[in-house]
Number of protein chains: 2
Amino acid sequence: MSDQATRGRGRPRAEEGLDGRAAILTATGEEFAERGYAGTSLRGVAKRAGVDPALVHHYFGDKTGLFSAILDAPDAIQEGFLRILDGPRDVLAADYVRFALTLYEDPAQREQMTALIRTSLGSGGMADLAKVFVADEVNERFAAIAAGPDAAFRAELVSAQLLGLFTVRYVLALEPIASASIDEVVARVAPTIHRYLFED
Amino acid sequence: MSDQATRGRGRPRAEEGLDGRAAILTATGEEFAERGYAGTSLRGVAKRAGVDPALVHHYFGDKTGLFSAILDAPDAIQEGFLRILDGPRDVLAADYVRFALTLYEDPAQREQMTALIRTSLGSGGMADLAKVFVADEVNERFAAIAAGPDAAFRAELVSAQLLGLFTVRYVLALEPIASASIDEVVARVAPTIHRYLFED
């Protein structure tokens with residue numbers, strides 16, 4: 001399918017020179033972040049992306065497909081997280097928190113994460129998908145490196161702390177955390193993550 | 001206005017023998033928790049409460065009024081939290097976490113808190129009201145007892161940790177935290193709260 005044939009409505013994202021698929025993904029992140037899962041429609045995403053709804057359907061099928069697609073982190077980011085989790089334990093927590101905060105300086109990544117938090121707290125069917133994502137993609141990896149018989153509990157405490165931190169800093173944008181430097185946040189929060197994973 | 005005159009639809013809450021105002025508040029918590037702020041209507045609340053919509057309007061005005069009303073914790077609960085914050089520092093964090101977790105064993109309190117979290121993460125105007133509530137009612141009180149020049153930052157880290165914990169345990173109900181005993185959660189999380197407030 002030619003992008004040329006399906007654009008041409010003068011909508012913003014495609015006008016920025018993004019190709020159809022990238023324009024749709026960016027628009028999806030924005031729509032989920034602003035409207036939550038329930039309020040997002042394929043038509044609304046297509047409109048914001050500046051493409052025909054048929055193109056959204058062609059690439060992603062339905063709203064579930066769109067949601068799955070925005071959960072997929074680029075390989076480079078996944079590899080970065082995995083490298084930290086494989087690294088030395090004494091710096092693991094600080095490196096992880098710093099990597100995440102640095103990543104979310106990027107507006108597109110921040111939008112995707114905000115959408116994930118908003119969606120996972122909704123009551124629609126997508127909330128389950130988001131929960132599975134957190135359980136499989138995040139908690140299991142932390143559980144694999146955490147100490148002791150309650151590794152799964154420790155891993156989930158890490159997720160709980162990071163979820164609360166990201167919600168306050170990015171979704172709610174509450175001050176002073178929203179404007180604190182990455183160094184300030186790492187200095188306070190990394191010891192918590194370290195303790196949840198490795199200490200009593 | 002007589003409750004008798006405005007009930008009589010055979011709806012659940014009023015049937016349980018709650019008076020009109022209590023039935024409306026309970027129904028409001030349930031509707032906010034299930035549908036979020038945007039999905040909740042005065043009519044829906046009235047239907048669930050088993051009262052006439054006019055009675056909801058009479059007591060609370062509009063949806064903003066309903067939301068403000070469910071943010072008001074009963075005096076006994078507020079006094080409990082304030083007594084802990086006034087208490088000795090070495091047990092303050094553990095007492096606070098334990099008090100909150102014990103409070104949320106009560107389904108009505110849990111619903112109210114879940115509604116507050118869901119609403120504060122929405123994008124409607126009510127999100128601002130919820131943020132002001134957290135900033136004024138929670139963060140300021142922790143900031144008043146926290147150590148050092150960055151007391152406001154420390155207080156907000158406490159809120160971030162508790163928000164993440166309550167979200168995972170009650171809103172998302174992720175295991176193993178959702179089913180962990182209060183003792184287990186206090187043992188792991190209270191040291192974090194203590195450190196955010198009082199230590200480096």
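# Reading a two-chain helical model

Modeller: Chain B and chain A bury about 3,400 Å² between them, and carbon and sulfur atoms account for 62% of that. Buried area here is the accessible area (1.4 Å probe) that two parts lose on being put together, summed over both.

Biologist: Which three residues supply 23% of the area that chain B buries against chain A?

Modeller: They're B:Leu121, B:Phe153 and B:Arg188, and no other three residues supply more. Before we go on, some ground rules. This is a predicted model, where local features need pLDDT of at least 70 and side-chain atom pairs count only at pLDDT 80 or more, while totals for chains, interfaces and linings use all residues. Residues are numbered from 1 along each chain as its sequence is written, chains are lettered from A and ligands numbered from 1 in the order in which they are written, and side-chain values use heavy atoms, with hydrogens and water left out.

Biologist: Fine. How many residues of chain B are in contact with chain A?

Modeller: Contact means heavy atoms within 4.5 Å. Going by that, 40 residues of chain B meet 40 residues of chain A.

Biologist: And how many residue pairs are in polar contact across the interface of chain B and chain A?

Modeller: A polar contact is a pair of N or O atoms within 3.5 Å; within protein, one must be able to donate a hydrogen and the other to accept it, and residues adjacent in sequence count only if both atoms are side-chain atoms. The rule picks out 14 residue pairs between chain B and chain A, both residues at pLDDT 80 or more. On chain B, helices H9 (107-121), H10 (126-145), H11 (151-171) and H12 (182-198) each bring at least two residues to the side that touches chain A. H11(B) gives the most, with 13 residues.

Biologist: What should I read into the helix numbers?

Modeller: Helices (H or I, at least four residues) and strands (E, at least two) are DSSP runs, numbered from the N terminus. Chain A has twelve helices and zero strands.

Biologist: Can we look at one residue at the interface? Where is A:Thr192 found, and is A:Thr192 buried or exposed?

Modeller: A:Thr192 sits in helix H12 of chain A. Buried means under 20% relative accessible area, exposed over 50%, partly exposed in between (1.4 Å probe, protein chains only). A:Thr192 is at 1% relative accessibility, so it counts as buried. Leaving aside residues up to four places away in sequence, A:Thr192 touches A:Gln161, B:Gln161, B:Thr192, B:Arg195 and B:Tyr196. With B:Tyr196 there's a side chain to side chain polar contact at 2.8 Å.

Biologist: Now the charged pairs. How many salt bridges are there between chain B and chain A?

Modeller: A salt bridge is a side-chain nitrogen of Lys or Arg within 4 Å of a carboxyl oxygen of Asp or Glu. Four fall between chain B and chain A, and the whole structure has 14 over all chains. One of them pairs B:Asp150 with A:Arg188 at 2.4 Å, N to O. Another pairs A:Asp150 with B:Arg188, also given as 2.4 Å, N to O. A:Asp150 lies in the loop between helix H10 (126-145) and helix H11 (151-171) of chain A and B:Arg188 in helix H12 of chain B, so this pair joins two chains. A:Asp150 is partly exposed at 24%, while B:Arg188 counts as buried at 13%.

Biologist: What about a salt bridge inside one chain, say B:Glu105 and B:Arg169?

Modeller: Those side chains meet at 3.8 Å, N to O. B:Glu105 is in the loop between helix H8 (89-103) and H9 of chain B and B:Arg169 is in helix H11 of chain B, so they tie together parts 64 residues apart in sequence. B:Glu105 is partly exposed at 44%, and B:Arg169 is buried at 5%. Elsewhere, salt bridges with shared partners link A:Asp150, A:Arg154, A:Asp200 and B:Arg188 into one network.

Biologist: Last one: which residues have the most contacts inside the largest nonpolar core?

Modeller: In soluble globular proteins, nonpolar side chains tend to be buried together. A nonpolar core is a set of buried Ala, Val, Leu, Ile, Met, Phe, Trp, Tyr and Cys residues joined through side-chain atoms within 4.5 Å. The largest here has 89 residues, and those with the most contacts inside it are A:Leu101, A:Phe166, A:Leu197, B:Leu101, B:Phe166 and B:Leu197. Take B:Phe166: not counting residues up to four places away in sequence, B:Phe166 touches B:Ala100, B:Leu101, B:Tyr104, B:Met113, B:Ile117 and B:Val171.
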